[in-house]
Structure formats: structure tokens, C-alpha cells
Amino acid sequence: MTAYPIVTKTQPTFYFVGVTTGKSSINQVFPLWMDVMGRPDVVLEGIDHPIHDDPEAYRATVAQIKQDPNSLGALVTTHKLDLFAAAEEMFDTFDPYAQVTRELSCISKRDGRLEGHAKDPITAGLSLDHIIGQGYFANTGGHVLCLGAGGSGLATLLHLINKPDKGDRPAKFSAVNRSPDRLEHMRHMVGKYNTDIEVEYIVNSDPRQNDALMAALPEGSIVINATGMGKDTPGSPISDDGRFPQNGIAWEFNYRGELDFMHQALRQVDTRHLRVEDGWVYFVHGWSQVVGQVLGIEITPELFQRLAETAATTRS
Ligand SMILES: NC(=O)c1ccc[n+]([C@@H]2O[C@H](COP(=O)([O-])OP(=O)(O)OC[C@H]3O[C@@H](n4cnc5c(N)ncnc54)[C@H](OP(=O)(O)O)[C@@H]3O)[C@@H](O)[C@H]2O)c1
């Protein structure tokens with residue numbers, strides 16, 4: 001077995017594994033949350049890996065968390081699939097979503113055991129529930145058009161598939177992706193469930209075709225930008241001529257960056273009676289669920305409310 005260099009931390013340390021971790025709002029939010037959660041001794045430390053890093057580099061990160069007693073756990077972005085693939089055998093347990101999706105967004109330790117979790121279906125789901133409430137699809141007859149079929153698009157679909165009440169499931173979910181691989185992965189995941197949602201898989205990166213898909217949606221439908229365009233890459237997956245569904249919802253998964261898709265949607269708030277949401281609630285749910293898991297603190301609705309209010313004080 002390879003011996004990795006382990007740093008013995010002098011303070012309880014929570015890691016943020018990403019690409020440009022220093023730029024995230026969590027750096028301002030985290031110390032405030034630790035005060036709210038009664039753990040002001042815990043510090044946040046970023047670990048930046050290049051995209052698709054060497055598997056050995058991922059294993060070194062996991063070894064640091066596993067072997068140093070003061071390294072408590074981590075939130076993982078961007079590298080969820082790669083990290084799982086590189087370090088699967090170093091973990092003692094995986095939660096059911098991690099087993100199904102073979103990705104992990106949270107690393108925690110309990111009774112000396114290293115645990116991997118895929119929290120995205122839970123956190124994307126909590127965010128969607130926050131936005132639409134109960135019975136949305138029964139009340140509106142809307143569909144979901146998800147532009148981008150990566151981790152967060154898949155998480156949203158899995159959440160909807162697992163909704164026990166029919167009124168909380170759309171009749172149709174259309175997933176659009178630039179490359180076919182992610183859609184194949186999604187099709188494979190969906191095949192593991194017995195669902196009455198009609199899932200459509202569309203390979204496309206032409207904004208005009210996305211405009212046409214939007215135009216065909218029934219009233220009340222939800223259009224999601226899960227491509228990362230407008231933050232990770234420039235532009236928007238739709239054109240300026242695209243018309244959002246009447247009485248529908250436009251949900252941009254990001255909360256920072258140029259957010260072109262969100263601005264296109266904001267211009268149609270009055271004409272189309274459109275609701276526009278950004279990714280802030282998703283950010284707060286995503287982080288609070290992982291921090292709660294790592295620190296062994298249940299995120300009750302009351303605690304979530306306090307954390308959301310505290311995070312909001314850092315928004316410019
Ligand atoms: N607010 C939050 O807390 C929060 C939480 C989760 C995610 N997000 C954001 O949501 C975005 C998506 O996250 P993710 O984890 O799902 O990323 P991801 O796994 O990289 O997925 C993005 C997908 O979009 C596809 N895509 C990119 N450009 C496209 C285009 N023009 N047309 C069609 N498909 C396109 C990509 O296709 P290819 O396969 O061809 O690359 C990829 O499959 C990111 O920007 C992330 O920051 C925010």
C-alpha cells in the first residue's frame with residue numbers, strides 16, 4: 001500500500017475539495033456558521049485539484065482525511081466521479097445514492113470508519129422543494145426541461161423519481177446535454193428505478209434547438225440551466241429570442257458569474273409571468289447538509305433558517 005504524507009492538524013479541519021476553492025462564498029460563510037453551530041474551533045481548508053487529476057493525488061487527499069484525527073471530513077465539488085473512482089477501496093461505507101451514482105460529494109468519519117455520501121439528490125431536492133412546494137406538478141401540469149445532464153441535473157431527476165406523491169412528479173423530464181455520454185449515464189441510472197416520469201434524452205448544444213424545446217413546453221413548466229454556462233463557461237444555453245413557458249419557473253443553478261440565462265429570464269418576468277430563481281438556496285442546502293453530516297449535527301428546519309440568514313449577511 002502506498003504511504004501518503006499526512007499532515008497532523010493542530011485544529012479540527014474541514015476540507016473543501018474543488019478547483020478554485022478560494023473564490024467561493026463559503027470562505028466568508030463558514031466561520032460564521034461554526035459560531036452558529038457551536039463549533040468555532042473548526043477551520044475550513046481548501047484543496048484544489050486540477051480537473052481530472054492523477055488518481056494518486058485524489059488518494060492522497062482521502063488518506064489525509066482518513067488518517068489524521070483532526071481532519072474531520074470534506075465537501076467535494078467537480079471531482080465527485082473521479083474521486084470515487086480513484087479512492088473507492090479506501091472507504092468503509094457508501095450511502096445508497098453514492099452506491100447508485102458512483103460519485104461522492106461528502107466525506108465523513110464515524111467511529112473510526114470512513115464514509116462516502118452522494119448528497120446532491122438530497123440537496124438539489126431540498127432546493128427544488130423550497131422553490132416549488134408540494135403538489136406543484138398536479139397543480140400546474142408543467143414539465144421539466146433540464147439543460148445540462150451532469151451531476152446536478154441527474155440529482156434533480158433522481159429526487160423527482162423518488163417523490164412518493166404523483167402530484168410531486170412531472171409527467172415529463174427532458175434532459176439536454178452537449179455530449180451523449182452523460183445522457184447514457186443518466187439513462188442507466190433511471191433504468192434502476194421503476195418510474196412513471198417520461199424521460200427524454202436529447203443530445204444538443206444549439207441554443208436555437210433549446211429555444212424550440214422551451215416553446216413546446218406546457219404552461220407552468222420549469223426550465224433549469226445546469227450547464228454551468230454563465231459561470232464556468234461564457235454564454236447561455238438558450239438564445240435571446242427564446243421564450244420561457246407562461247407562468248413557469250426559470251432556475252439558474254449558479255448564484256455568481258455573468259448568469260446570462262438568468263438575465264434572459266428576468267427580462268420575461270412580466271410578459272410571461274415567470275418566476276426566476278438562482279442557485280443561492282442550492283448553495284446553502286448543499287453546504288449545510290454536508291457540514292451537518294461531517295460534524296454529526298442534524299440540520300433541523302430551525303437551524304437551516306439560522307444558517308440561511310447568517311449566509312445571507314455575506315451576500316453583496
Ligand atoms: N448553487 C449551487 O450550490 C450548485 C450546486 C450544484 C451545481 N451548481 C452549478 O451547476 C452547474 C452544473 O453542475 P454539475 O455538477 O451538474 O456540473 P457537470 O457535472 O459538469 O455538468 C454540466 C453538464 O452540462 C453539459 N453542458 C455544458 N454546456 C452545455 C451546452 N451548451 N448544452 C448542453 N449541455 C451542456 C455538460 O456536458 P458535457 O458532458 O459535454 O461536458 C455537462 O454534462 C455548475 O456550474 C455548478 O457550479 C451549483
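This briefing covers the surroundings of the ligand and the strand β1 with its neighbours. The structure is a predicted model. The ligand has 21 residues around it, and strand β1 spans residues 13–18.

**The ligand and its shell**

- Among the 21 residues around the ligand, those that come nearest are S152, R178, S179, D232 and N254.
- By residue type, the shell around the ligand holds twelve polar, five nonpolar and four charged residues.

**Contacts with ligand oxygen atoms**

- The side chain of S179 places an N or O atom 2.7 Å from an oxygen atom of the ligand.
- For N177, a polar side-chain atom lies 2.8 Å from a ligand oxygen atom.
- G151 takes part through its backbone, with an N or O atom 3.1 Å from an oxygen atom of the ligand.
- The ligand taken alone exposes 930 Å², and the protein buries 79% of that.
- Two elements, α7 (151–161) and α11 (280–295), give two or more residues to the shell around the ligand.

**Strand β1**

- Six of the six residues of β1 are buried, so the strand is largely enclosed by the rest of the structure.
- Both faces are covered, with T13, Y15 and V17 buried on one side and F14, F16 and G18 buried on the other.

**Neighbours of β1**

- β1 and strand β2 (residues 43–48) run parallel and are joined by six bridges.
- F14 has L44 as its bridge partner in β2.
- Between β1 and β2 the chain passes through helix α1 (residues 26–36), forming a right-handed β-α-β crossover.
- β1 also pairs in the parallel sense with strand β3 (residues 71–76), over five bridges.
- In β3, S71 stands opposite T13.

Notes:
Residues numbered from 1 in each chain as written. Predicted model: local features only at pLDDT ≥ 70, side-chain atom pairs only at ≥ 80, totals over all residues. Heavy atoms only, no water. Near = heavy atom within 4 Å. Polar contact = N/O pair within 3.5 Å; in protein donor to acceptor, adjacent residues only side chain to side chain. Areas by Shrake-Rupley, 256 points an atom, 1.4 Å probe, with all protein chains shown as cover. Helix = DSSP H or I, 4+ residues; strand = E, 2+ residues; numbered from the N terminus. Nonpolar A, V, L, I, M, F, W, Y, C, P; charged D, E, K, R; others polar. Buried < 20%, exposed > 50% of the residue type's maximum accessible area, 1.4 Å probe, protein only. Pairing = 2+ DSSP bridges. Right-handed = clockwise from strand over helix to strand, strands pointing away.
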